[in-house]
Amino acid sequence: MTAPRTPTTADELRGVGLRVTAARVALLETVREGDHLGVEALASGVRGRVGHISLQAVYDALHALTTAGLVRRIEPPGSPARFEGRVGDNHHHLVCRSCAAVVDVDCAVGHAPCLTASDDRGFAIDEAEVIYWGLCPGCSTARTT
């Protein structure tokens, strides 16, 4: 009996109806290996893998990957957009007010409790976005010393 094979990045792109290109593969892998990276950092990572790619091509590919549900875009107020590969769950983010570090945090209670609004006003809610603001351990320590 053969173990099931893990889908490749190309398989995932095909699975959501996207054309497989070296740039898309490199971008998706860069997003997944990164930590809430911005567009410039992602472009640099893609260039390190496949050579030249325009910033516009990165934006276009990010739009396609986000629309397809392979990438999640987050945009904390006052910050440029960042992208992550953790999709399919309803996690939230911690953002440092000093250094702008962003980290994932699971919902406060069990499975997606924040999808139950006190009054949904007729909306069919399918996602909630919570951002916790504060100081990361490094900035908090630096501030007290």
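In which helix does T30 lie? T30 lies in helix 2, which spans residues 22-33; helices (H or I, at least four residues) and strands (E, at least two) are DSSP runs numbered from the N terminus. The model is predicted, so that local features need pLDDT of at least 70 and side-chain atom pairs count only at pLDDT 80 or more, whereas totals for chains, interfaces and linings use all residues. Residues are numbered from 1 along each chain as its sequence is written, and side-chain values use heavy atoms, with hydrogens and water left out.

**Figure 1. Overview of the protein.**
The secondary structure comprises 5 helices and 5 strands, in the order α-α-α-α-β-β-β-β-β-α from the N terminus. Along the principal axes, the C-alpha atoms fill a box of roughly 45 × 45 × 40 Å. Of the 145 residues, 30% count as buried; buried means under 20% relative accessible area, exposed over 50%, and partly exposed in between (1.4 Å probe, protein chains only). The accessible surface is about 9000 Å², and 54% of this belongs to carbon and sulfur atoms; the areas come from the Shrake-Rupley method with a 1.4 Å probe, and for residues only the protein chains shown count as cover. Among contacts with a separation of 6 or more, 45% are made by residues 24 or more positions apart, a contact being heavy atoms within 4.5 Å.

**Figure 2. Surroundings of T30 in helix 2.**
T30 is buried, at a relative accessible area of 8%. Its side chain reaches the backbone oxygen of A26 at 2.7 Å. Not counting residues up to four places away in sequence, T30 touches L37, L42, G45, V46 and R49.

**Figure 3. The largest nonpolar core.**
This core has 21 residues, and those with the most contacts inside it are L13, L27, V31, V58, L62, L65 and F83. A nonpolar core is a set of buried Ala, Val, Leu, Ile, Met, Phe, Trp, Tyr and Cys residues joined through side-chain atoms within 4.5 Å. Helix 2, helix 3 and helix 4 (55-67) each supply at least two residues of the largest core. With neighbours within four places in sequence left aside, L62 is in contact with L27, V31, V39, L42 and F83.

**Figure 4. Links between helix 1 and helix 2.**
T9 lies in helix 1 (residues 9-15) and is buried, with a relative accessible area of 12%. The side chains of T9 and E29 are joined by a polar contact of 2.9 Å. A polar contact is a pair of N or O atoms within 3.5 Å; within protein, one must be able to donate a hydrogen and the other to accept it, and residues adjacent in sequence count only if both atoms are side-chain atoms. Apart from neighbours within four places in sequence, T9 is in contact with V25, L28 and E29. The side chains of R32 and E12 form a salt bridge with an N to O distance of 2.8 Å; a salt bridge is a side-chain nitrogen of Lys or Arg within 4 Å of a carboxyl oxygen of Asp or Glu. R32 lies in helix 2 and E12 in helix 1, so the pair ties together parts that are 20 residues apart in sequence. R32 is partly exposed at 34% relative accessible area, and E12 is partly exposed at 25%.

**Figure 5. Further salt bridges.**
The count of salt bridges comes to 11. One of them joins E75 and R73, with the closest N and O atoms 2.8 Å apart. E75 is partly exposed, with a relative accessible area of 42%, and R73 is partly exposed, with a value of 42%. R86, D89, D104 and D106 are linked in a network of salt bridges.

**Figure 6. Loop residues with positive phi.**
Most residues other than glycine have a negative phi. H36, however, has a phi near 55°; this residue lies in the loop between helix 2 and helix 3 (39-50) and is buried at 5% relative accessibility. R121 has a phi near 50° and is placed in the loop between strand 4 (102-105) and strand 5 (131-134). R121 is exposed, with a relative accessible area of 69%. D119 forms a salt bridge with R121, the closest N and O atoms being 3.9 Å apart, and D119 is partly exposed at 48% relative accessibility.
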